[in-house]
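Hi,

Here is the structure I promised to pass on. Have a look through it first, then read my notes underneath.

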Amino acid sequence: MTHPTVLQTTGLTKRYGRITVLDDVSFAVHTGEIHALMGANGAGKSTLCKIISGLTTASKGAMHLNGRNYRPENKRQAEGWGVHIVQQEISLIPTLSVAENMFLTRLPQKFAMVDWAKLHLRARQALDDVGLHDIPPQTLVRDLGVGQQQMVEIATALTRDCRLLILDEPTAALSSGDSENLFQHLRWLRDEGVAIIYISHRLDEVFELCDRITVLRDGECVGSETSDSISRSTLISMMSGKGSEARHHTFRSAVGDGIALRVKRLQTDVLQNVTFEVRDGERFGITGLVGSGRTELLRALFGADPVDSGEIQLGDGRPRQPWRHPSEAVKAGLAMITEDRKQNGLLLTQSIRLNTTLATLRQRYSRWGTLKQADATNAATTTCDRLEVRRSSIEQLVATLSGGNQQKIVVGKWLLGDFDIFLFDEPTRGIDVAARDQIYQTLNDLAHQGVTSLIVSSDLDELMLICDRIAIMNQGKLVSTFRRDEWSREAMVAASFAEVRA
């Protein structure tokens, strides 16, 4: 049975000056289907979806929605047509509550006042629909983890009349349990006739969830196939233009004898008596459900969140109080790749050169208050070449890069310094298959230089591929640690879901 076409694009082109990021793209999305949009970083996926959702306009081409000419001038116009987007970067207002964010332009009123009871009831129903039973509607968004915020954005989109839902890397910060809950809801929406455009770099979930796949490469549409008629290797070839996947990652342990980091009884408003130690050159994975405290642990170690009590000891053996500010942690030899690159990792309105050298600018690339421009440019160029950052020049604004290339800059800026411990929070979020291999190789290189890495990831399979040990966080506690020669996926998942005793 052929489903009616909801969206048809014809010859969509988008140029920024001399750079063409989308070139003559034509494709269709039908009612009652989940349509994957695939491609490497910089392929044009996000740009195409921004045009469809009114966040930007095309330089050339046409769109039709349910057979009618469709050219939204802004996001609100697109939403009036029933087109909603949930972007990879969170757009919620952190100082407002979950309920206020969900119904910001549609607050229920009673006697010219906000009807708080009705607002919280509507928000409660919408949160329950996507499995967020444990989040009170009155909770401030800033108190939620990134994964929880992502689910709130999805719940918000579903409170409106929705004919076409666009999801950009929705599972990047979700645990496997939260991802499966999302998948179940998306299947229900599909069965109700909603069309869904789904952007993801995770091939397994695309084949599990999606009905059709369209591939973009270098801004052009390579082709569309049903998911049951295309193989994984063919899909990778279409995305890369090559006949093979990214290099196969071979794990090589480099764990030394010395203790690089010892944490004792770390206590915050989220963490409960966290104690562990990590050795020189070790890659120490940390995972758990959304809200388990994994990100909060890294932030506490880096001095970004206040610590109530506990002790941190570095390789020199001297016990010390936790750092009160990230600058103290940086001076002590810690680097942190943050979970939210746009909010905490980059200066979006500045150049690639400045962002890449930012963490080491004062120490290495300035003298008596004067910038050593040539040295900074050479260092940034070398780092971007190493990580294969797609760019027009080293002076290009970071805001104009694709999400994956932005993430490479976040990683690259710390590689220019002499840091003993790297804290990685979701380092491969929004990065394509080939770029992930580059990050894995970087972790491998750091380990063999004696550098210790703590790696938080929602993707347990990823941690099993790249780590020496994996710790499980559950309700603010570090409940289990698994060595590479003894772990099992089932045991680690069970530890994540286990009931934690007080």
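Below is what turned up, starting with the sheet and ending with one helix.

This is a predicted model, so local features need pLDDT of at least 70 and side-chain atom pairs count only at pLDDT 80 or more, while totals for chains, interfaces and linings use all residues. Residues are numbered from 1 along each chain as its sequence is written, and side-chain values use heavy atoms, with hydrogens and water left out.

A quick word on names: helices (H or I, at least four residues) and strands (E, at least two) are DSSP runs, numbered from the N terminus.

First, the sheet. Six strands make an open sheet with mixed pairing, in the order β6-β9-β10-β3-β11-β12; two strands pair if DSSP finds at least two bridges between them. The edges belong to β6 (83-86) and β12 (220-226), and each has a single partner strand, so one side of each is left without a neighbour in the sheet. From one strand to the next, the twist averages 20 degrees. Angles here run from 0 to 180 degrees between N-to-C directions, with axes being lines fitted to C-alpha atoms, for helices over the stretch in contact.

At the β12 end, β11 (residues 212-217) runs antiparallel to β12, joined by six bridges. There, I213 sits opposite E225 of β12.

Two helices meet this sheet, if contact means heavy atoms within 4.5 Å. Helix α1 (residues 45-52) lies across β3, β6, β9, β10 and β11, at about 150 degrees to β10. Helix α5 touches β6 and β9, and its direction makes about 175 degrees with that of β6.

Next, a hairpin. Strands β1 (residues 5-16) and β2 (residues 19-30) are antiparallel and share eight bridges. L7 has V29 in β2 as its bridge partner. Two residues lie between the strands, and G17 takes a positive phi near 65 degrees.

Finally, which residues of α4 are buried (under 20% relative accessible area, 1.4 Å probe, protein chains only; exposed is over 50%, partly exposed in between)? They are L119, H120, A123, A126 and L127. Looking down the axis of α4, they fall within an arc of 125 degrees (taken from the directions from the axis to the C-beta atoms), so they line one face of the helix. That fits a general rule: an α-helix has 3.6 residues a turn, so residues three or four places apart point the same way. The buried residues of α4 pack against α3 (98-102), β8 (113-114) and α5 (146-157). On the other side of α4, A117 and D129 are exposed. Just after α4, G131 has a positive phi of about 85 degrees.

Cheers
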